[in-house]
Amino acid sequence: MSEGMNRRRFLTVLGATGGGAAALGACGVDPERSQKLIPYLVQPEDQVPGTATWYATTCRECPAGCGLHAKVREGRVIKLEGNPESPINGGRLCARGQAALEGVYNPDRLGDPLARGVQGKLERISWDDALAQLHAKLAAARGRIAFVTGNETGSFGDLVDEWTKAVGATHVTYEPFAFEALREGNRLAFGIDAVPWYDLASARYILSFGADFLDTWLSPVAYQNAFARAHGFTSGRDVTMAKSVFVGPRMFLTGMNADEWVAATPGTEGLLALALAAVIVEERLAPLPADAGRLHELLARHAPAAVAGAVGIDAPAIERLAREFAGAQGGVALAGGMATHYPNGAEIAAAVNILNYVAGAVGKTVRFGPNQGLARGTFRELTDLVTAMEAGKIAVLLVHGANPGHSLTGAFWQAWGKVAYKVSFSSDLDETASAADLVLPDLHPLEQWSDSRPRAGVWALQQPVMQPVAANARPAGDVLLTLAGKSGTFKDYLQTKWRPLAERHAHGKSFEEFWPELLQHGGLYVDVPRQWVRLGPQATELMREAPAPPRFAGEASDLVLIAFPSAALYDGRGANKPWLQELPDPVSKIAWHAWVELHPETAAKWSVTDGDFLLLQSPFGAVRAPVWITPAIRPDVLGVPIGQGHRAYGRYARDRSFNAFDLLPEAPNAYGGRTFAVRVAARTTGEHRFLASSEGDPRGVGAGEDIIKVLPRATADALAPTAHPFAEPAPPAYAAGALAGWAEEQRAGAALGNYAGKQPRWAMAIDLARCTGCSACVTACYAENNLPTVGEELVLRRRQMSWMRIERYWRGGEGRGAGEGGEPLHGVVTPMLCQQCEAAPCEPVCPVFAAYHTPDGLNGQVYNRCVGTRYCANNCPYKVRYFNWYNFAEAGGEWEAWPSPLDWQLNPDVTVREKGVMEKCTFCVQRIRGAQNRARLEDRTVLDGEIVPACAQSCPSEAIVFGDLHDKTSRVAQLAADPRGYHVFESLNTKPGITYLARVVDRGA
Amino acid sequence: MRSGSRVAAGIALAMATSVPAAAQSGQPAPAFTAPVISDTGSLHGPRQPIFFRHDVHAGQNRVPCLYCHYSAAISSEPGIPSVQTCAGCHMMVGGSTPTYQAEIKKVRDAWNHKAPPQWVRIHALPGFVHFPHLRHIKALGSESCTTCHGDVGHMVQVYQVAPLTMGWCISCHLQKQVTRDCLVCHY
């Protein structure tokens, strides 16, 4: 039975019944007996009531194009997980990808087409009228039409290309972060306009110039997974752990996880790269390519001594880095993120290419061939369009998948007014859509057919996983085909595009046979041969001027402001999703608000503290931003996240904080990209605001060395497989007797009733050498366990409900959190969740036995028994119990977390908790029971690895392993015996079920 | 896990396309004949939009429970049969009496007008209880539905027999010497 046939059938059937997805197993708090049961008219073949059906599709939340498995229950998608078959993400998924669910069920989604009425307001209109109106406008405006789309690498982009060509329009691709500098840098160095694939997984040294590949850069899930493989420490591994170095004025998540942070002067990353190359060539540290001699003059000008002053790093340190990098024999240098967002970003990218070239990385860890699939647009194309709009040369402007109204707040808006007729395909009333004359709501990517090519050799298919939530929205592809007078739907168009591809790869199967297979696998994945590159003619012409930082626009202020994409909200597209708003930023730990980062020195100079407002003024605009003081930024640099400050978009995004885009130039730079750094003047405003931050939360376990353990590389390497350096010393004599008595009592208790016989002990191992703090697990937990988002005010009152939280602490360095043995500044993270203690302090204090110990070693929490004394939370040393202070599920209530249809995303396998009830991590007990039920049905025992809690499933770096501790062959039992293993607060004798594996840091010799 | 659910869908399809065992095998006349009902007002249980006779289907005609509620054995939810399942027989079977014919017409109308009937729910558990039908069928057999639902095969109109309280659940679990752990059902 084929998936594809099922899907089609399902859609036809439900289409015919008007979307009568059954009301069985509806996820209310308490089903009323008067509830009606409405059966399916025709039972979809691939849906079993009470059992999830999974569909493979593709994530469209950023250009990375990760493969998805969408979990569908009773016709509703309730969870997104990575598609294990996808060569991009291999089954893992970041927080933003998972939050696509809140796009489908967003309460502010548009259901009907809107047109600007006589009074200037957007009013509901029928599709027929809307299309007739648009048709007329298009016919009259022939030759003066422009179409702006987001990054479209697949058939929809092809369709837009064809359509624009047919109607004499221009097609402009606009992504605020479009990697122009990388493409230009590769053209400068190698004469090739492409972004290669970086083989981080087999790299032995990872030197990142600004590339925040753990947050947002290119393909964060893929690169995080590869990073964990290379940089994670595994005892007894023959391939050594790759050292990781991050260069940039701000640490970013990638810098926090690096072994060394090099805080170079902003814009001098390229100088540093060339200096490293110069040392490698000078000292013959690597077998040099034949044409490296051409670089002689360029590298001679960039000897360490010549650039040290500008970069702000002394020459011996540069030489040491060069020797380490080349000596690792298999390093990779990356340029990206901030380093490629300066006015000289392309030159920096080219300089890093040259470093890779002389170190022999090109062709090995830097592979052209399987290139990143990026639409060809540049920022310059958009600004050219703005100029044409301003000049009145555009009469009709169509916008799809982009929100220039948020990212271009100056010239674009002036030009916008000069366009007579603006059309938006947005399914939300974002800034652009709410100022348009016609809004034709598109379906969500999870509801429609499409495809994308995230990397050469990867054709990712996108199929509808459920009936549209907004029933009257239409796929933009269908609308375009209608406008073009073509018959058929976009699905037909898509299949036409796939036919030739399928013919080449179907191995004799017919398309009709092959198509369902493609859908089942999520697309087509083939190996692409690597392409060898040589130095291009322009490579030697780089950086002619004397080594110095670039000139940033702005007054002669000595402060450079850098604006970077928010890890959760990206360029702002995630701002209307409560999961992403409530997710504390992995670095700053601030939720629901933007901030400006200040070094403690700067803060002291200005006498400001966290939450004090600064008025930041650049030549392009001004914003008021609350201060967050952090040692992880250079003293002469201010940092602001992009993503907040929406003037429209929806209830969670609107009028929240400031828009960092306001400060940035709107003219393209030398390489046709946008510059995200600018000089600013700052002054205090006297205003103050408490930031909803989980930093300093009294729940936190603290930065203590005994809680978050970090081993130097040499110590970790020297650990014998049987060593237990973190084992607690034996209890003193006076306690030994009590402990023995207690153990005896436990044994007696364990022989009774349910507790008798052989039982599993569910346990977890978390490898801190792999965990990066990216927080994908946090969102996974929200999705799986029906955790309510509580909003900014309640986060401020420490009432967030994150069963799983990532605690981040600074160690070493100077300023806040300083003083530990003169170590350089570094960040440490630890996921903190219920430790499922064997001797749990929460259990004996519960007066009603709501907190109790289960036979399989869980700390049970029975919601219907809980009376809310909160004794358990008070007695929990880990502070991982969360109390429902309000009724978050109450429809229309003050603290409603799931305004309709957001409640559709609730997991029917997990109780929605009510006010007055304590809750906490359950180790995803619903997944344990599900696996046990399946095993029972198949007359077998549960296999190791069969139960995967949501956090472990999503973790891009595979840091979390779950299983039965009593099964000595299980992965978790082996990891629990690892020499790096330890328990948090082991001295309390709680005997936690979670074993942490110490982080390992390579500080060099 | 995923392939498991696909396999499960396959089983469901196979069951749905087969014909009821009793109807197929030409067995001797049924031991039980469903009574003729003149006064529906005096019947136990809530009145349903269609006077569906479990006693006729499951009792007299001996259609196995799992023929219609096919997912009870493979899923946590038993499922309510789709209108297609009813129509599969009743486009042919028109009913022997005017009463039956009138009710069967409602089924045909539901199918033709694509308007599924809105059954009144009889058995409901609170949201904090998870009852996996599959495990109970697996342990007690496919005829064990009566343990909790009563002798539906002899009910003219279905009503709740068991109290479905926790104490009632536990008494059976005690008797059968199986788990009484809270977190088996409450999570």
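Here are some short exercises, with worked solutions, on a predicted model.

**Exercise 1.** Find out which residues have the most contacts inside the largest nonpolar core, and which helix gives the most to this core.

*Solution.* Start with the core itself: it has 330 residues. Those with the most contacts inside it are A:Leu272, A:Leu276, A:Ala277, A:Ile280, A:Ile354 and A:Leu561. Now look for the helix: H9 of chain A, residues 269-282, gives the most, with 11 residues. Then zoom in on A:Ala277. Skipping neighbours within four places in sequence, A:Ala277 touches A:Leu299, A:Ile354, A:Leu355 and A:Val358. As background, nonpolar side chains tend to be buried together in soluble globular proteins.

**Exercise 2.** Decide whether A:Lys422 is buried or exposed, and list its contacts beyond four places in sequence.

*Solution.* First, locate the residue: A:Lys422 sits in strand E16 of chain A, which covers residues 421-424. Next, count around it. A residue needs 20 or more other C-beta atoms within 10 Å to be called buried. A:Lys422 has 22 of them, so it is buried. Leaving out neighbours within four places, its contacts are A:Leu397, A:Trp416, A:Ala436 and A:Asp437. For a sense of distance, take A:Ala201, which is 221 residues away from A:Lys422 along the chain: their C-alpha atoms are 46 Å apart.

**Exercise 3.** Work out how chain A is divided, and what sort of residues domain 1 of chain A uses to touch domain 3 of chain A.

*Solution.* Begin with the bounds. Chain A has domain 1 (3-104), domain 2 (114-176 + 377-442 + 475-488), domain 3 (180-367), domain 4 (560-688) and domain 5 (710-726 + 753-1001). Now pick the pair we want: eight residues of domain 1 of chain A are in contact with six residues of domain 3 of chain A. Finally, sort the domain 1 side of that meeting point: five residues are nonpolar, two polar and one charged.

**Exercise 4.** Sketch the makeup of chain B, then say how many residues of its helix H9 are buried.

*Solution.* Count the elements: chain B has nine helices and one strand. Reading from the N terminus, the order is α-α-α-α-α-α-β-α-α-α. Then check burial: 27% of the 187 residues of chain B count as buried. Among contacts in chain B with a separation of 6 or more, 66% join residues 24 or more positions apart. Last, turn to H9 of chain B, residues 166-175: zero of its 10 residues are buried, leaving this helix hardly covered. Just after H9(B) comes B:Gln177, with a positive phi of about 60°.

Methods:
Residues are numbered from 1 along each chain as its sequence is written. Chains are lettered from A and ligands numbered from 1 in the order in which they are written. This is a predicted model: local features need pLDDT of at least 70, side-chain atom pairs count only at pLDDT 80 or more; totals for chains, interfaces and linings use all residues. A nonpolar core is a set of buried Ala, Val, Leu, Ile, Met, Phe, Trp, Tyr and Cys residues joined through C-beta atoms within 7 Å. A residue is buried if 20 or more other C-beta atoms lie within 10 Å of its own, exposed if 12 or fewer, and partly exposed in between; C-beta atoms are placed from the backbone. Helices (H or I, at least four residues) and strands (E, at least two) are DSSP runs, numbered from the N terminus. Two residues are in contact if their C-beta atoms, placed from the backbone, lie within 7 Å. Domain bounds come from an automatic or database domain assignment. Ala, Val, Leu, Ile, Met, Phe, Trp, Tyr, Cys and Pro count as nonpolar, Asp, Glu, Lys and Arg as charged, and the others, Gly among them, as polar.
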